[in-house]
Each structure stands twice: as structure tokens, then as C-alpha cells.
Amino acid sequence: MMVQRKATGWEHLAENPVDFFKYVLLLQISDQHAAYINAIADGRRDRLGLVWTPTSGDYEADEASIACGLVLWAAACLHRPTLLWGGRRSVARAWVDHTATLLAHATPEFRNGYTLLADDAKPIGLMSNGSWVLRFDGCLRGDPIDAVHAMGYKANVLIGDFAWTDREDLDDALDYADGHNALAILMVGHGRS
């Protein structure tokens, strides 16, 4: 299945992702996260490294929610799916579940037409009206390479299991992102290096 080609109705927020986070996903974001998100939208940034830290009782979205929000924004506003590159299937399921949770708490107008594929399906992920939003094809080195080929080289990259992504996979992901104008998001867990 390819990327979404038909209009979603959310394209008007392609250049204003902060409004997408605030008024569609209903997330409160910090000024720092707003600056990162705006830099992605206006092309000043095509890589985003985030370190997940537990929130300390405030109401702002954490880094994992920022990453999943970017996945939803890219799919709905830019027609670009995101591929989970490398890592374990169990962690990929957690990313898919977290993205689905954000979707469940979004405005009612936004959350219809989505399908969750997370059982024994290959690939697993989240789809919107038959098009990929977030996808994981497997942990072998060739799996994400085959997946981006199947998606017409139009996917962004999320490296969400940094501790289990080896150097070759990381290099493959960044080489792909550089060669295809893709956003690459790297999430490092708290206390990891």
C-alpha cells in the first residue's frame, strides 16, 4: 500500500503544525517543542533528536507524544507516512499504541477512518483510510529498506528503539532520509547514551 494521495481535509495545517498539536491533537506543548516543530514545517530542520524524560507533574506533552504527534501531522497534512526503522517488535507495538492513544484523545473530526494493525499482521502499524500513517516491517536490516521501497520512497523515519538499533541500521536510516528529503526522528530513552 502506498502513501495517501487523496485530500485529508487537514492540509491547511501543513505550515502550522503547532496549531495541529494544540487544536487537533489537543496537546499542550512547551515553547521549546513548538520551536522544533515549526523548524520542521518551514524546512530549517529535517532531523530531530529527542531524549525521553518523565514529566514532573506538568501538563505539557512529553517527547514520545511530540514524536507521535509529528507522525500524525505528517500523514494528515503532508501525506507522508512514517516508518519505524529497526528495533524490537514489542517496542514498535508500543509506538503504534501510543500514536493510537493520541488519536483517541484528539478532536472527534480527526479520529475517524483509522485502522490499527498490531496483532500478528506484518507489517504492523496504523492506517488512515487505506494509507499508512505509522508502519513497522521488522527488525532485520533489509525490512525497512524493502518497506520504504514499497511506499515509493515517500516515508519519514522514526528510530524509536535506539538501544536495539545497531550502527548499520542507523546509517541506513539517515542515508535514506538524506537521499529522499525525509524527516528523521531519533528517540533516546532516559538514561541511555
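Me: What makes strand 3 and strand 4 count as a pair?

Reply: In this predicted model, strand 3 and strand 4 (residues 124-128) share four bridges in the antiparallel sense. Two strands need at least two bridges between them, so four is enough for a pair. For one of the contacts, look at leucine 117, whose bridge partner in strand 4 is glycine 125. The connection from strand 3 to strand 4 is a hairpin through six residues.

Me: How do those strands fit into the chain, and what is the order of its elements?

Reply: The protein chain has six helices and seven strands. Read from the N terminus, the order is α-α-β-α-β-α-β-β-β-α-β-α-β.

Me: How many aromatic pairs are there, and why is the pair of tryptophan 10 and phenylalanine 110 called edge-to-face?

Reply: Searching the whole structure gives five aromatic pairs. For tryptophan 10 and phenylalanine 110, the ring centres are 5.3 Å apart and the planes stand at 85 degrees. The distance is within the 6.5 Å limit and the angle is over 60 degrees, so this pair is edge-to-face.

Me: What does that pair tie together?

Reply: Tryptophan 10 sits in the segment before helix 1 (17-24), while phenylalanine 110 sits in the loop between helix 4 (89-104) and strand 3 (114-117). The pair therefore ties together parts that are 100 residues apart in sequence.

Me: How do you know whether tryptophan 10 and phenylalanine 110 are buried or exposed?

Reply: Tryptophan 10 has 17% relative accessibility, and phenylalanine 110 has a relative accessible area of 2%. Buried means under 20%, so tryptophan 10 is buried, and so is phenylalanine 110.

Me: What makes phenylalanine 20 and phenylalanine 21 an edge-to-face pair?

Reply: Their ring centres lie 6.5 Å apart, with the planes at 80 degrees. An angle over 60 degrees is edge-to-face, so that is the name for this pair. Phenylalanine 20 and phenylalanine 21 are both buried. Together, Trp10, Phe20, Phe21, Phe110 and Tyr114 make one aromatic cluster.

Me: How many salt bridges are there, and what makes aspartate 178 and arginine 47 one of them?

Reply: The structure holds six salt bridges. Between the side chains of aspartate 178 and arginine 47, the N to O distance is 2.7 Å. The cut-off is 4 Å, so the pair qualifies. Aspartate 178 belongs to helix 6 (residues 167-179) and arginine 47 to strand 1 (residues 47-51), so parts that are 131 residues apart in sequence are tied together.

Me: Why are aspartate 178 and arginine 47 called partly exposed?

Reply: Aspartate 178 has a relative accessible area of 45%, and arginine 47 has 34% relative accessibility. Buried ends at 20% and exposed starts over 50%, so aspartate 178 falls in between, and so does arginine 47.

Me: What about arginine 141 and aspartate 172: how do you know that they form a salt bridge?

Reply: Their closest N and O atoms are 2.7 Å apart, which is within 4 Å and therefore a salt bridge. This pair links distant parts of the chain, 31 residues apart: arginine 141 is in the loop between strand 5 (131-136) and helix 5 (142-150), aspartate 172 in helix 6. Arginine 141 is partly exposed at 44%, whereas aspartate 172 is buried at 15%.

Me: Where do aspartate 171 and arginine 167 lie with respect to each other?

Reply: Both are in helix 6, four residues apart, so about one helical turn separates them. They too form a salt bridge, with the closest N and O atoms 3.3 Å apart. Aspartate 171 is partly exposed at 30% relative accessibility, and arginine 167 is exposed at 57%.

Me: How many disulfides does the structure hold, and how do you know that cysteine 77 is in none?

Reply: There are zero disulfides. For cysteine 77, the nearest cysteine sulfur is that of cysteine 68, 16 Å away. A disulfide needs sulfur atoms within 2.5 Å, so cysteine 77 is in none. Cysteine 77 is buried, at 5% relative accessibility.

Me: Why does the radius of gyration agree with a compact globule?

Reply: A compact globule of 193 residues would have a radius of gyration near 16 Å, and the protein chain has 15 Å, so the two agree.

Notes: Residues numbered from 1 in each chain as written. Predicted model: local features only at pLDDT ≥ 70, side-chain atom pairs only at ≥ 80, totals over all residues. Heavy atoms only, no water. Phe/Tyr/Trp six-rings, centres within 6.5 Å; stacked < 30°, edge-to-face > 60°. Buried < 20%, exposed > 50% of the residue type's maximum accessible area, 1.4 Å probe, protein only. Rg over C-alpha atoms; globule rule 2.2 N^0.38 Å.
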